[in-house]
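Biologist: I would like to go through this structure with you, one question at a time. Shall we start with the cysteines?

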Amino acid sequence: MIYLRNNGTDPHYNLAFEEYVFQNLCKDDSVLLLWQNEPSVIIGRHQNTIEEINRDFVSARSIHVVRRITGGGAVYHDWGNLNYSFLIPEAKADLDFTTFTEPLVKALGALGVEAEQTGRNDVTVDGKKISGNAQHYQNGILLHHGTILFDSDLECVKKTLQVKPEKIQSKGIKSVRSRVTNIRPYLKEDMTLSAFKAYLLKAFSQKEGLREHVLSGLMEREVRRLADEKYRSHDWNYGYSPKCSLTRSGYFEGGFVEVRLNVEACKITELKIFGDYFSLRDTRELEQMLIGLEYSRSAVSELLNTVNVSEYFKGISPEQVGALIV
C-alpha cells in the first residue's frame, strides 16, 4: 500500500486530491491518505445542500461548504478532526465497511479507547459517534473514507448542522443526526492530534507495509485545476442538489412575510410572496425579477440592491428580505 502525504487543509483542494488519486493512481497499488480540513461542511453526493446546513452560522463563521463524490450524510470538519481514505483497486463493489473500520477500532483499542462499529457505517465510543464512513465504487476501484473526531469543537458541529426550522421538501438524502463525541477524553494517556496522526500511520503501516510517495508537480497542477473547476464551483456544491420546495417566513416591524419557492439546479424556478405587509408596488413585479436567479445570498442581494425594496415591503430592509429568501 502507498501512503500519499498531503499537508493541505483547503477542503476544495483535498477533495480534488482524493478524486484525482482515485481516478488516476489506483490501477495497481492500494493507497492510504490521512488528511485534515480547515472548518468546513462536507455534503454527501446525493444531498440537498440547503437542507443540511445552518446557512447563517456557516456564513458568519466563513465555514466552507463542499460536496464530495461519496454518498452518506453531511459532516463537519475542523482542526480537531482527522480524515482517512483507503483507495483499493480490483475491489468488490459490496466490500463490507468493517474491512476498513476494523483497523481504526483496533488502533484505538491499543490506546485504551473501547470503540466499535455500529450500524452500517459508524464507529462509536460509549454509544456516541466518533467516525462516519462512506464509499464510492467506479471501474473496479473502491474509495472508502471516514472522519475521526479527535478533538473537534462539538458545539460548532451542532450549530453548523442545525438547520433552521423552515419547511423544505426535496428528494435529497437527509442526514441522520447522531450524538457525537471526541476520542481525546477517552485516551489513557493524552496526545496531540499530530501525534495521533503519526500513531495511526504507524499502526496502518504495521498491517499493510506502507511506502510513502508524493505527487509530481504536474499532478499537483492537475489537482489544483480540478479543485478550481469542480470543487470551488457553485454548480457542484449547490447546483447538483435535487429539486426542492421551500417555505420561509418571518415577522418584521413592517409585518409578516412568507415566501414559498421552488429551486431546481440551484435556480429559483417559482416564487410567491404572502403576508400582511404594506406595499406601494405590486410584489408580483419583484417575484418575476427573482425567478430564474441563482439561489444564493449574493445573487439575491445583488438583485435587491437594484430596486427600491421599501416600495414592495414598507418598514422591511433589503437585508431582511434577502435573509428571508435565502
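Biologist: Is cysteine 266 buried or exposed in this predicted model?

Modeller: Its relative accessible area is 6%. A residue counts as buried under 20%. So cysteine 266, at 6%, is buried.

Biologist: Which cysteine has the sulfur closest to that of cysteine 266, and how far away is it?

Modeller: A disulfide needs two cysteine sulfur atoms within 2.5 Å. The closest sulfur to that of cysteine 266 is too far for a bond. It belongs to cysteine 244, at 8.5 Å.

Biologist: What is the relative accessible area of cysteine 244?

Modeller: Cysteine 244 is in no disulfide. This residue is buried. Its relative accessible area is 1%.

Biologist: How many disulfides does the whole structure hold?

Modeller: A disulfide is a covalent bond between the sulfur atoms of two cysteines. The search covered the whole structure. The number of disulfides found is zero.

Biologist: Now to charged pairs. How many salt bridges does the structure hold?

Modeller: Side chains of opposite charge can pair when their charged atoms come close. One such pair here is arginine 184 with aspartate 190, at 2.7 Å from N to O. In the structure, the salt bridges number 18.

Biologist: Is aspartate 190 buried or exposed?

Modeller: Its partner in the salt bridge is arginine 184. Arginine 184 is partly exposed, at 25% relative accessibility. Aspartate 190 has 57%, and over 50% counts as exposed. So aspartate 190 is exposed.

Biologist: Why does the salt bridge of glutamate 311 and arginine 281 tie together separate parts of the chain?

Modeller: Their side chains meet at 3.5 Å, N to O. Glutamate 311 lies in the loop between helix 10 and helix 11. Arginine 281 lies in the loop between strand 15 and helix 9, so the parts tied together are 30 residues apart in sequence.

Biologist: What is the relative accessible area of glutamate 311?

Modeller: Its partner, arginine 281, is partly exposed at 38%. Glutamate 311 also counts as partly exposed. Its relative accessible area is 25%.

Biologist: Which residues are joined into one network by salt bridges that share partners?

Modeller: Start with one pair: arginine 232 and aspartate 228 meet at 2.8 Å, N to O. Arginine 232 is partly exposed at 41%, and aspartate 228 is partly exposed at 46%. The network joins Asp10, Asp228 and Arg232.

Biologist: Which residue's backbone oxygen does the side chain of serine 233 reach?

Modeller: Serine 233 sits in the loop between helix 7 and helix 8. With a relative accessible area of 18%, serine 233 is buried. At 2.7 Å, its side chain reaches the backbone oxygen of lysine 230.

Biologist: On to the strands. How many residues of strand 10 are buried?

Modeller: Strand 10 covers residues 141-149 and is mostly covered. Ile141, Leu143, His145, Thr147 and Leu149 point one way, and all are buried. Leu142, His144, Gly146 and Ile148 point the other way, and all are buried too. The number of buried residues in strand 10 is nine of nine.

Biologist: How many bridges join strand 6 to strand 10?

Modeller: Strands of a sheet pair through backbone hydrogen bonds, either parallel or antiparallel. Strand 6 and strand 10 run antiparallel. In this pairing, proline 89 has isoleucine 141 as its bridge partner. The bridges between strand 6 and strand 10 number nine.

Biologist: Which residue takes a positive phi in the hairpin of strand 9 and strand 10?

Modeller: Six bridges join these antiparallel strands. Glutamine 138 stands opposite isoleucine 141. Two residues lie between the strands, and the positive phi, near 50°, belongs to asparagine 139.

Biologist: Which strands stand at the edges of the open sheet with the order 4-3-5?

Modeller: Three strands form this sheet, with mixed pairing. A strand with a single partner has one side left without a neighbour in the sheet, so the edge strands are strand 4 and strand 5.

Biologist: Which residue in strand 5 stands opposite serine 40?

Modeller: Strand 3 and strand 5 pair in the antiparallel sense, over three bridges. Strand 3 spans residues 40-43. Opposite serine 40 stands histidine 77.

Biologist: At about what angle does helix 1 run to strand 4?

Modeller: Helix 1 spans residues 11-24. It lies across strand 3 and strand 4. Its angle to strand 4 is about 20°.

How values were computed
Residues numbered from 1 in each chain as written. Predicted model: local features only at pLDDT ≥ 70, side-chain atom pairs only at ≥ 80, totals over all residues. Heavy atoms only, no water. Pairing = 2+ DSSP bridges. Helix = DSSP H or I, 4+ residues; strand = E, 2+ residues; numbered from the N terminus. Contact = heavy atoms within 4.5 Å. Axes fitted to C-alpha atoms, helices over the stretch in contact; angles between N-to-C directions. Buried < 20%, exposed > 50% of the residue type's maximum accessible area, 1.4 Å probe, protein only. Polar contact = N/O pair within 3.5 Å; in protein donor to acceptor, adjacent residues only side chain to side chain. Salt bridge = Lys/Arg side-chain N within 4 Å of Asp/Glu carboxyl O.
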